[in-house]
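Thank you all for coming; I would like to walk you through one structure this morning. Please take a moment to look at the sequence and the model before I begin.

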Amino acid sequence: HKENIAKMSNDLANKLKLAQQKFGAKVELWNDSVQGLENQVSETKHQLLLKVNALSENAMLRQEQVTRSVAERSIAESQSMYDALLEETEAMRSQLNALECKGESAGKRSKVYSSLAEIFGPRRIQSFVLQNTVQALESMVQKYLDDLSDGT
């Protein structure tokens with residue numbers, strides 16, 4: 001019986017060794033599988049990070065394009081307003097020049113009318129009439145005096 005027990009013990013030890021070897025091989029396979037999966041996860045994370053960076057860069061480029069487009073539109077509108085204001089300024093300068101010419105002409109006419117008003121005003125005409133009348137009277141008085149005195 002001891003032989004049977006020893007044999008069985010030996011068989012169990014061999015089976016245990018074999019099970020341990022199989023278990024060790026399976027653990028090694030499992031560890032290799034886990035390592036492969038970890039490598040895949042790491043590579044996938046890296047790829048996702050690259051894609052996120054690319055998308056972020058594309059989003060920033062798109063934002064820059066939108067900002068540039070808005071700025072270009074703003075510049076175009078500002079240039080258009082500037083051009084319109086410049087045209088309006090030129091039109092107003094022309095009007096100002098025309099009004100200055102009219103003002104100068106009106107000033108000259110005003111001086112002429114003032115001179116005429118002074119010359120042909122009531123006092124000037126009265127003075128003129130009186131002066132001519134006085135001269136005519138002096139001339140007549142002198143003639144009568146000459147006639148009365150017989151030229152002496």
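What percentage of the 152 residues in the protein chain do buried residues make up? Buried residues make up 1% of them, and I should say at once that what you are looking at is a predicted model.

Let me turn to the overall form. The protein chain has two helices and zero strands, and its C-alpha atoms fill a box of roughly 210 × 20 × 20 Å when that box is taken along the principal axes. For a compact globule of 152 residues one would look for a radius of gyration near 15 Å, whereas the protein chain has 63 Å. As for the surface, the protein chain exposes about 14,300 Å², and carbon and sulfur atoms supply 60% of that area.

Next, the charges. The protein chain carries 19 positive and 21 negative charges, and the mean positions of these two groups are 18 Å apart. Side chains of opposite charge can pair when their charged atoms come close. How many salt bridges does the count come to? The count comes to one salt bridge, and it is the one that Arg93 forms with Glu90, where the closest N and O atoms are 3.0 Å apart. Both Arg93 and Glu90 lie in helix 1, and they are three residues apart, which is about one turn of the helix. Neither partner is buried, because buried means under 20% relative accessible area, while Arg93 is partly exposed at 48% and Glu90 counts as partly exposed at 39%.

Finally, I would like to draw your attention to a nonpolar patch on the surface. This patch covers about 790 Å² and is made by Val112, Tyr113, Leu116, Ile119, Phe120, Ile125, Phe128 and Val129. Which helix gives the most to the nonpolar patch? That is helix 1, with four residues, although helix 1, running over 2-119, and helix 2, running over 122-149, each supply at least two residues. One of the patch residues, Ile119, lies in helix 1, and with a relative accessible area of 42% Ile119 is partly exposed. Ile119 can therefore be part of a patch, since patches are made of residues with over 30% relative accessible area, and Ile119 has 42%.

To go back over the main points, we have a predicted model with two helices and zero strands, one salt bridge by the count used here, and a nonpolar surface patch of about 790 Å².

Definitions and conventions: Residues are numbered from 1 along each chain as its sequence is written. This is a predicted model: local features need pLDDT of at least 70, side-chain atom pairs count only at pLDDT 80 or more; totals for chains, interfaces and linings use all residues. Side-chain values use heavy atoms; hydrogens and water are left out. The radius of gyration is taken over C-alpha atoms; the globule rule is 2.2 Å times the number of residues to the power 0.38. Buried means under 20% relative accessible area, exposed over 50%, partly exposed in between (1.4 Å probe, protein chains only). Accessible areas come from the Shrake-Rupley method with a 1.4 Å probe; for residues, only the protein chains shown count as cover. Lys and Arg count as positive and Asp and Glu as negative; His and the chain ends are not counted. The place of a charge is taken as NZ of Lys, CZ of Arg, CG of Asp or CD of Glu. Patches are made of residues with over 30% relative accessible area and no salt bridge: like charges are joined within 9 Å, nonpolar side chains (Val, Leu, Ile, Met, Phe, Trp, Tyr) within 5 Å. A salt bridge is a side-chain nitrogen of Lys or Arg within 4 Å of a carboxyl oxygen of Asp or Glu.
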